[in-house]
Amino acid sequence: KYERGYFTAPVKSQKWMEKEYIDNAPTWCSVDLRDGNQALIIPMSLEEKLEYFQLLVDVGFKEIEVGFPAASETEYTFLRTLIEENLIPDDVTIQVLTQSRDHIIKKTFESLRGAKKAVVHLYNSTSVAQREQVFKKTEREIIDIAVNGAKLLQKYATETEGNFQFQYSPESFTGTEMEFALEICNEVLDVWKPTSENKVIINLPATVSMSMPHVYASQIEFMIDHLKYGENVIVSLHPHNDRGTGVADAELGMLAGAKRVEGTLFGNGERTGNVDIVTLALNMFSHGVDPQLNFEKLPEIKRVYERLTRMQVPMRHPYGGELVFTAFSGSHQDAIAKGMKWREEYTNRKWNVPYLLIDPLDIGREYEGDIIRINSQSGKGGIGYILKQHYSLELPPEMRESFGYAVKDVSDKLHQELQPEQIYQIFMKEYVNL
Ligand code: KIV
Ligand code: ZN
């Protein structure tokens, strides 16, 4: 029923795999308000979108796809509100999505009246599956849809005041033969004729991720090698997460040369979601590369995200999940407690605490309550750490073991996690109120 992916690019020497990491942050484009919003059980209201837009601006996004304004009244009104109420900072470029149809493109440009600048994003489906089953069109007919759309964008852009950049996505790129994807992109580029002052974005979506990350990256490399107009074309990634590899797809795609990434906060988006920009950015941060996005207040960002999308960030979600800096088990707690002590002594050393990829404080998490939590799996090191942090009590070595057993025993019997006050009570009962 299934076979090996036949839309692979020629997987060549992959010189880029020799690089240890990505040198610079890409241009990030948030698609939360479009791809993310269209996948919600209850899409955001106008007020919610306005608040979410402000959240994205505060995080530091300089490109934000605000919707498909010709497709729904709410999206149209949202964009008009952003423009009329002057809510778009000068250093932020909004992006709007459109299909290749005259009346839709016309309405898209109407919705942009008064915008100082915008990216207008044209897409059509190019995969074998969509060509054969949905559109029932030949390759030439599919190319004509894209080329006609490209010409219409040019026509309406010259008739509308403002500074417009063009973007084209061969939607379902990963289900498209690479030679065909290349041909259609090059024909679109021949219409727009990008220059160094007027660059064009070619966005290559893993609309459905279908291959291993190195294969997607090879496809990106193939396109970068063969697209016309060289440096005047910005190659952009748009990974989804169907195989659970959205982050790996984006990281390898950047190593292969892409300079722009579209994704969402916490990976909201169609089906398994778009690539999670929080994880991507903080992975960069953990490698000492400035991601150019500010996640210093991640818990607050998560609260706003959860309220507005009505989604929940899973407890084990990288960086943001409730439990991702927490150790319950004895050996992990002991190592962390020792690592934190070592750090107090050697403050000038690089972060290298066992089991903690980054310093939780850097993203607004706490040591107390976030790192060491106590249940029946815990050990004397972690229990001692809690007493010291919360009650400035340092147990002498000969008491640590027996007190550890006493605490674990209570947790085991109650079948509950224990809070610092409960541990203190056990201490008082065992050693003070004898
Ligand atoms: O996933 C996708 O292909 C898209 C396009 C519209 C870029 O969202
Ligand atoms: Zn998408």
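**Fold, ligand shell and local features of the predicted model**

Of the contacts in the protein with a separation of 6 or more, 73% are accounted for by residues 24 or more positions apart. The model is a predicted one. It contains 15 helices and eight strands, and buried residues make up 43% of its 434 residues. Taken along the principal axes, the C-alpha atoms fill a box of roughly 85 × 50 × 45 Å.

The eight strands form a closed barrel with parallel pairing, in the order β1-β2-β3-β4-β5-β6-β7-β8. On average, neighbouring strands of this sheet are turned by 25° against each other, direction ignored. Closure involves strand β1 (residues 27-30) and strand β8 (residues 260-263), which run parallel and are joined by four bridges; here S30 is placed opposite G263 of β8. On the other side of the pairing order, β8 is joined in the parallel sense to strand β7 (residues 233-239) over two bridges, with S236 opposite R260 in β8. Strand β2 (residues 63-67) likewise pairs with strand β3 (residues 93-98) in the parallel sense, over four bridges. Within this pair, I64 faces I94 of β3. Helix α3 (residues 73-84) packs on the sheet, where it touches β2 and β3, and its direction makes about 135° with that of β2.

Ligand 1 is surrounded by D35, L97, Y123, S169, E171, N203, P205, T207, H238 and H240. By class, this shell comprises three nonpolar, five polar and two charged residues. Strands β5 (163-171) and β6 (200-206) each supply at least two of the shell residues.

Helix α14 covers residues 397-414. Its 18 residues should span 26 Å at 1.5 Å a residue, and the end C-alpha atoms are 27 Å apart, so the expected and modelled lengths agree. G404, V407, K408 and S411 are the buried residues of α14. An α-helix has 3.6 residues a turn, so residues three or four places apart point the same way. The buried residues of α14 pack against α13 (380-391) and α15 (420-432). The helix is followed by H415, whose phi is positive, near 55°.

Positive phi values are also found in two tyrosines. Y229, in the loop between α8 (213-226) and β7, has a phi near 70°, a positive value in a residue other than glycine. This residue is partly exposed because 17 other C-beta atoms lie within 10 Å, a count between the limits of 12 or fewer for exposed and 20 or more for buried residues. For Y319, phi is near 70° and again positive in a residue other than glycine. Y319 belongs to the loop between α11 and α12 and counts as buried because it has 25 C-beta neighbours inside 10 Å.

The loop between α11 (298-309) and α12 (330-345) also holds E322. With 16 C-beta neighbours inside 10 Å, E322 is classed as partly exposed. The C-alpha atoms of E322 and R365 are 9.6 Å apart in space, while the two residues are 43 residues apart in sequence.

Conventions:
Residues are numbered from 1 along each chain as its sequence is written. Chains are lettered from A and ligands numbered from 1 in the order in which they are written. This is a predicted model: local features need pLDDT of at least 70, side-chain atom pairs count only at pLDDT 80 or more; totals for chains, interfaces and linings use all residues. The expected span of a helix is 1.5 Å times one less than its number of residues. Two residues are in contact if their C-beta atoms, placed from the backbone, lie within 7 Å. A residue is near a molecule or strand if its C-beta atom, placed from the backbone, lies within 6 Å of it. Ala, Val, Leu, Ile, Met, Phe, Trp, Tyr, Cys and Pro count as nonpolar, Asp, Glu, Lys and Arg as charged, and the others, Gly among them, as polar. Two strands pair if DSSP finds at least two bridges between them. Axes are lines fitted to C-alpha atoms, for helices over the stretch in contact, and angles run from 0 to 180 degrees between N-to-C directions.
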